[in-house]
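Let's walk through this one by asking how each label is earned. Have a look first, then read on.

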Amino acid sequence: MKILLVFAHPEPRSLNGALRDVAVAELQRLGHEVQVSDLYAMGWKPVVDRADFPALASDERLVVSAGSKAAFEADALTPDVQGEIDKLRWADVLILQFPLWWFTMPAILKGWVDRVYACGFAYGVGEHSDKRWGDRYGEGNLAGKRAMLIVTTGGWGTHYGARGVNGPIDDLLFPIHHGILFYPGYDVLPPFVVYQTGRIDEPRFEATAEQLRERMRTLASTPSISYRRQNGGDYLIPSMELRPGLGAPGRTGFALHLRDEDAASLPQRTAIPAG
Ligand code: FAD
């Protein structure tokens with residue numbers, strides 16, 4: 001397989017840097033082709049601005065989605081953005097790796113998404129009418145590919161459990177899993193989360209590294225999170241609400257967008273180790 005790992009940590013000698021090396025080495029040992037986009041090392045420009053749309057007349061008002069669509073369709077995206085789009089088209093599997101910073105991804109990675117997910121490529125795809133709301137949430141240009149997160153946290157596993165004060169990790173990662181990865185079509189694998197990173201000694205690092213190698217070995221076979229597909233019949237059009245009768249009684253929030261049989265086992269879905 002072809003794998004793109006997008007890495008967002010400023011220090012190569014970090015825990016994240018060490019885990020990235022473990023993942024890449026295992027993938028290469030298995031014969032996969034791997035590319036790494038190391039965003040800090042690349043000096044990735046993390047903000048969308050006028051410089052992203054050189055063809056835009058200097059007196060024209062910038063409307064980001066329109067400018068993005070025009071540049072995408074005219075093959076006029078900046079070379080850094082086009083390069084990342086080419087890698088996404090190339091890769092069968094996308095891995096995003098980052099430390100959890102303020103309960104989400106570091107700004108540089110969010111800026112990668114903002115800029116690389118061009119209109120017409122990652123959103124604004126397919127028919128938009130009163131009968132159909134585009135190709136998204138399970139359909140789109142990245143359908144048929146797989147994606148997963150490698151995330152490290154300072155907080156403990158219990159802090160991110162079903163009753164943990166930080167909120168459940170599945171909820172915190174939902175905007176990335178569902179909004180950034182499932183939206184343009186990826187099948188999303190359960191995340192690999194390393195908790196309590198302030199307390200990592202050599203034995204725990206080795207155990208974590210082996211668990212990560214196992215996830216790399218099972219990239220093609222790990223069942224994906226079974227989100228409901230937008231155009232699979234579960235949602236009303238154009239309100240995009242879940243149809244009455246779907247979703248377990250009393251269930252609200254993010255879990256509604258899992259197929260009912262999976263939502264029933266939600267608290268256990270992302271295994272949280274003790275500690
Ligand atoms: P490092 O600091 O590099 O290392 C962590 C530990 O791993 C150290 O003990 C180190 O000795 C050990 N280690 C590193 N490399 C190796 C190796 N090769 N072999 C063995 N041991 C090794 N946490 C939360 O839970 N929620 C948040 O919202 C949150 N927000 C944050 C916001 C900011 C701005 C910052 C800076 C941190 C935040 N944190 C938060 C904590 C953050 O998630 C962790 O600090 C981070 O995940 C640790 O990953 P790292 O790669 O930076 O680890």
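Q: How do you know that the side chain of N16 and an oxygen atom of the ligand make a polar contact?
A: An N or O atom in the side chain of N16 is 2.8 Å from an oxygen atom of the ligand. A polar contact is a pair of N or O atoms within 3.5 Å; within protein, one must be able to donate a hydrogen and the other to accept it, and residues adjacent in sequence count only if both atoms are side-chain atoms. The N16 pair, at 2.8 Å, fits that limit. As for the ligand, it exposes 990 Å² when taken alone, and the protein buries 64% of that (areas come from the Shrake-Rupley method with a 1.4 Å probe; for residues, only the protein chains shown count as cover).

Q: What should a newcomer know about the model and its numbering?
A: This is a predicted model, where local features need pLDDT of at least 70 and side-chain atom pairs count only at pLDDT 80 or more, while totals for chains, interfaces and linings use all residues. Residues are numbered from 1 along each chain as its sequence is written, and side-chain values use heavy atoms, with hydrogens and water left out.

Q: Which residues come nearest to the ligand?
A: Out of 20 residues around the ligand, those are H9, W102, F103, T152 and Y160. To be near, a residue needs one of its heavy atoms within 4 Å of the molecule. H9 has a polar side-chain atom 2.7 Å from an oxygen atom of the ligand, and a polar backbone atom of W102 is 2.8 Å from a nitrogen atom of the ligand.

Q: What makes up the shell around the ligand, by residue class and by helix?
A: The shell divides into 10 nonpolar, 9 polar and 1 charged. Here Ala, Val, Leu, Ile, Met, Phe, Trp, Tyr, Cys and Pro count as nonpolar, Asp, Glu, Lys and Arg as charged, and the others, Gly among them, as polar. Two helices, α1 (15–29) and α7 (202–217), each supply at least two residues, and α1 gives the most, with 3 residues. Helices (H or I, at least four residues) and strands (E, at least two) are DSSP runs, numbered from the N terminus.

Q: Why is H9 called buried?
A: H9 has 14% relative accessibility, so H9 counts as buried. The cut-offs are under 20% relative accessible area for buried, over 50% for exposed, and partly exposed in between (1.4 Å probe, protein chains only). H9 is in the loop between β1 and α1. The side chain of H9 reaches the backbone nitrogen of E11 at 3.0 Å, and a 3.3 Å polar contact joins the side chains of H9 and S14.

Q: Why is W102 called exposed?
A: W102 has a relative accessible area of 79%, so the label exposed fits. W102 is in the loop between β3 and α5. Its phi is near 50 degrees, a positive value in a residue other than glycine. Most residues other than glycine have a negative phi, and most peptide bonds are trans.

Q: What about D75, buried or exposed?
A: At 67% relative accessibility, D75 counts as exposed. D75 is in the loop between α3 and α4, and phi of D75 is near 55 degrees, another positive value in a residue other than glycine.

Q: Why is D49 called partly exposed?
A: D49 has a relative accessible area of 28%, which means partly exposed. The side chains of D49 and K45 are joined by a polar contact of 3.0 Å.

Q: Why is P184 called buried?
A: With a relative accessible area of 1%, P184 is buried. Leaving aside neighbours within four places in sequence, P184 is in contact (heavy atoms within 4.5 Å) with several residues, including Y117, A122 and L142.

Q: Why is α5 described as largely enclosed?
A: In α5, 7 of the 10 residues are buried, so α5 is largely enclosed by the rest of the structure. The buried residues of α5 pack against β1, α2 (39–42), α4, β3 and α6.

Q: Which residues touch the most other members of the largest nonpolar core?
A: In that core of 49 residues, they are L88, L94, F98, W112 and L181. A nonpolar core is a set of buried Ala, Val, Leu, Ile, Met, Phe, Trp, Tyr and Cys residues joined through side-chain atoms within 4.5 Å. The helix α6 gives the most to this core, with 7 residues.
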